Amino acid sequence: MANDRIKHDLGGAWQIVKGYFNIMADKEDEQATVESISSGVSFRGATLWVLIFAIFIASLGLNVNSTAVIIGAMLISPLMGPIIGMGLAIGINDLDLLKRSLKNYAVATVISVITSTVYFLLSPFDEVQSELLARTAPTLYDVLIAFCGGAAGIIAIATKGKGNVIPGVAIATALMPPLCTAGYGIATGNFFYFLGAFYLFFINTVFICLATFLGVRRMRFSHKQFVNYDRYRKVQRYIVGLVIITMLPAGYMTVNILHGSLLKANLRKFVDAEFAIKGTSIIDKELDNSKKTIRLVAVGKEISKAVIENAQGRLEQYRLGGYTLRVIQGTQSDSLLVLNNKLTDMKTDNIQTMQMQYRRISELEKQLGAYTRYGKLSREMTGELKALYPKVQTLSLSPATQVSTDTAAVRSYVIALMGIRRGERLSENERPVLEKWLKARVKTDSLRLVTVAAE
């Protein structure tokens, strides 16, 4: 009797808990949800333009390292539509919706990358900001964020209490910034940036899809019947394989990051415990995994050899066994600081010198381009002039500048040196017509026509 009563009480408690977590009580009309997701899959007209402008906004945010601008771009981005559509299509066995979602997903992805590439090609700022770098090294945490975001998204879409869930999912899963970073990688020729960023976007896509698929199945959406059941099983195997393959590189990166973070934490504990010496400060600590070396730079009271040897022997206790401890102090540390300051100054001077050289090269390239352009234009226009005015034999165009002796103002103009057949000259009516024609062809407001006898 006692056991039966306990079972009854546990069963009642379980029913209460299930009532709190029951999604089906808030489920909206299923057909309306499917139609809403299906309508958001298409990328045409206004939706496509919204995507393009959102990409420009996100690229600007990444370029100037503004988190607020990036968040704004993610809020207006319509990229979630075809991704959720793919998850729904797989969940309800709708192959037509899946094909449409994949097509629009590909269109949106290609247009996004092209737009961001064009922006970064035109942008005068090409420095790598922290917001850009953050999109180039995805980890297992990004997998979890994408999965949880996708799960929250499909629950919000399919139930009554939507609230601010959809905008929050758009911000958390961050679909747009990786595509912009991929465009930056193409624009700057950095293949690793492109791969890392595009891999992050692919992770978000796969796991939002997976979360949507599982959410649809959990909320028992009606399935369309497959004519070929074997084909359906094959699609399921592809999904499982894609999920596993996507997770492997992210898992490897996460293990490396966690291992590096653990080593840094152990090093910090080791230094705080073993080198808490009055009058001595550790100003720098570095752990070199390739050489299995720990380098400490100390200033102040000199650390004795005995203390260093004792600390070396205690590395194992901090899970740093196998590393060799090297302490730089005294004149060594002073020299190191001086050298570091010199290198910093040299770096600053080099950057300034390079910037000046770059500006000078740009100016020279513009000048060279102008001379090249006028030479090519002279050859083209000579043939046209001969057809219009047989007396004209040659034409030479060149840029020129004139400095005013009174105001020191610089005026730029084009000299048109025209060779006229011997014994002939331009009439009073021909000269203004030719000057007007030359200005229009050369695209300049200031031109000086000089005529000479042709050889």
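The side chains of glutamate 286 and arginine 295 are joined by a salt bridge, with an N to O distance of 3.4 Å. This contact belongs to a predicted model, and the values below are computed from that model. Glutamate 286 is partly exposed, at a relative accessible area of 38%. Arginine 295 is likewise assigned to the partly exposed class, at 22% relative accessibility.

## Salt bridges

How many salt bridges does the structure hold? The count is six. Among them are the three listed here with their N to O distances.

| Acidic residue | Basic residue | N to O distance |
|---|---|---|
| Glutamate 286 | Arginine 295 | 3.4 Å |
| Glutamate 384 | Arginine 441 | 3.0 Å |
| Glutamate 424 | Arginine 421 | 3.2 Å |

The side chains of glutamate 384 and arginine 441 form the 3.0 Å contact. This pair connects distant parts of the chain, since its members are 57 residues apart. Glutamate 384 belongs to helix α14, which covers residues 331-388, and arginine 441 belongs to helix α15. Glutamate 384 is partly exposed because its relative accessibility of 30% lies between the limits of 20% and 50%. Arginine 441 is also partly exposed, with a relative accessible area of 25%.

In the bridge between glutamate 424 and arginine 421, the closest N and O atoms are 3.2 Å apart. Glutamate 424 has a relative accessible area of 36% and is partly exposed. Arginine 421 is partly exposed as well, with a value of 37%.

## A positive surface patch

Arg268, Lys269, Lys285 and Arg319 make up a positive surface patch. One of these residues, lysine 285, is located in strand β1, which spans residues 280-288. Lysine 285 has a relative accessibility of 38% and is therefore partly exposed. That value also satisfies the patch criterion, because a member must have over 30% relative accessible area.

## Aromatic pairs and an aromatic cluster

The model contains eleven aromatic pairs. One of them is formed by phenylalanine 194 and phenylalanine 198, whose rings are stacked, with 5.7 Å centre to centre and 25° between the planes. The pair qualifies as stacked because the angle of 25° falls under the limit of 30 degrees. Where do phenylalanine 194 and phenylalanine 198 lie? Both are in helix α11 (residues 191-218), four residues apart, which corresponds to about one turn of the helix. Phenylalanine 194 is partly exposed, at a relative accessible area of 21%. Phenylalanine 198 is also partly exposed, at 29% relative accessibility.

Phenylalanine 270 and phenylalanine 275 form an edge-to-face pair, with 5.8 Å centre to centre and 75° between the planes. The edge-to-face label applies because the angle of 75° is over 60 degrees. Are phenylalanine 270 and phenylalanine 275 buried or exposed? Phenylalanine 270 has a relative accessible area of 0% and is buried. Phenylalanine 275 is buried too, at 4% relative accessibility, because this value is under 20%.

An aromatic cluster is also present, and its members are Phe56, Tyr119, Phe120, Tyr184 and Tyr193.

## Glycine 85

Glycine 85 is placed in helix α5, which runs over residues 80-91. Its relative accessible area is 0%, so glycine 85 is buried. Along the chain, glycine 85 and phenylalanine 213 are 128 residues apart, yet their C-alpha atoms are separated by 9.6 Å.

## Positive phi values outside glycine

Arginine 220 and lysine 443 call for attention to the backbone. Arginine 220 has a phi near 55°, a positive value in a residue other than glycine. This arginine 220 is part of the loop between α11 and α12 (229-274). Its relative accessible area of 58% makes arginine 220 exposed, because the class begins over 50%.

Lysine 443 also has a positive phi, of about 60°, although it is not a glycine. Which elements flank the loop that holds lysine 443? The loop lies between α15 (430-442) and β6 (447-453). Lysine 443 is exposed, with a relative accessible area of 73%.

Terms used: Residues are numbered from 1 along each chain as its sequence is written. This is a predicted model: local features need pLDDT of at least 70, side-chain atom pairs count only at pLDDT 80 or more; totals for chains, interfaces and linings use all residues. Side-chain values use heavy atoms; hydrogens and water are left out. Patches are made of residues with over 30% relative accessible area and no salt bridge: like charges are joined within 9 Å, nonpolar side chains (Val, Leu, Ile, Met, Phe, Trp, Tyr) within 5 Å. Accessible areas come from the Shrake-Rupley method with a 1.4 Å probe; for residues, only the protein chains shown count as cover. A salt bridge is a side-chain nitrogen of Lys or Arg within 4 Å of a carboxyl oxygen of Asp or Glu. Lys and Arg count as positive and Asp and Glu as negative; His and the chain ends are not counted. The place of a charge is taken as NZ of Lys, CZ of Arg, CG of Asp or CD of Glu. Helices (H or I, at least four residues) and strands (E, at least two) are DSSP runs, numbered from the N terminus. Buried means under 20% relative accessible area, exposed over 50%, partly exposed in between (1.4 Å probe, protein chains only). Rings of Phe, Tyr and Trp (its six-membered ring) pair if their centres lie within 6.5 Å; planes under 30 degrees apart count as stacked, over 60 as edge-to-face and the rest as tilted.
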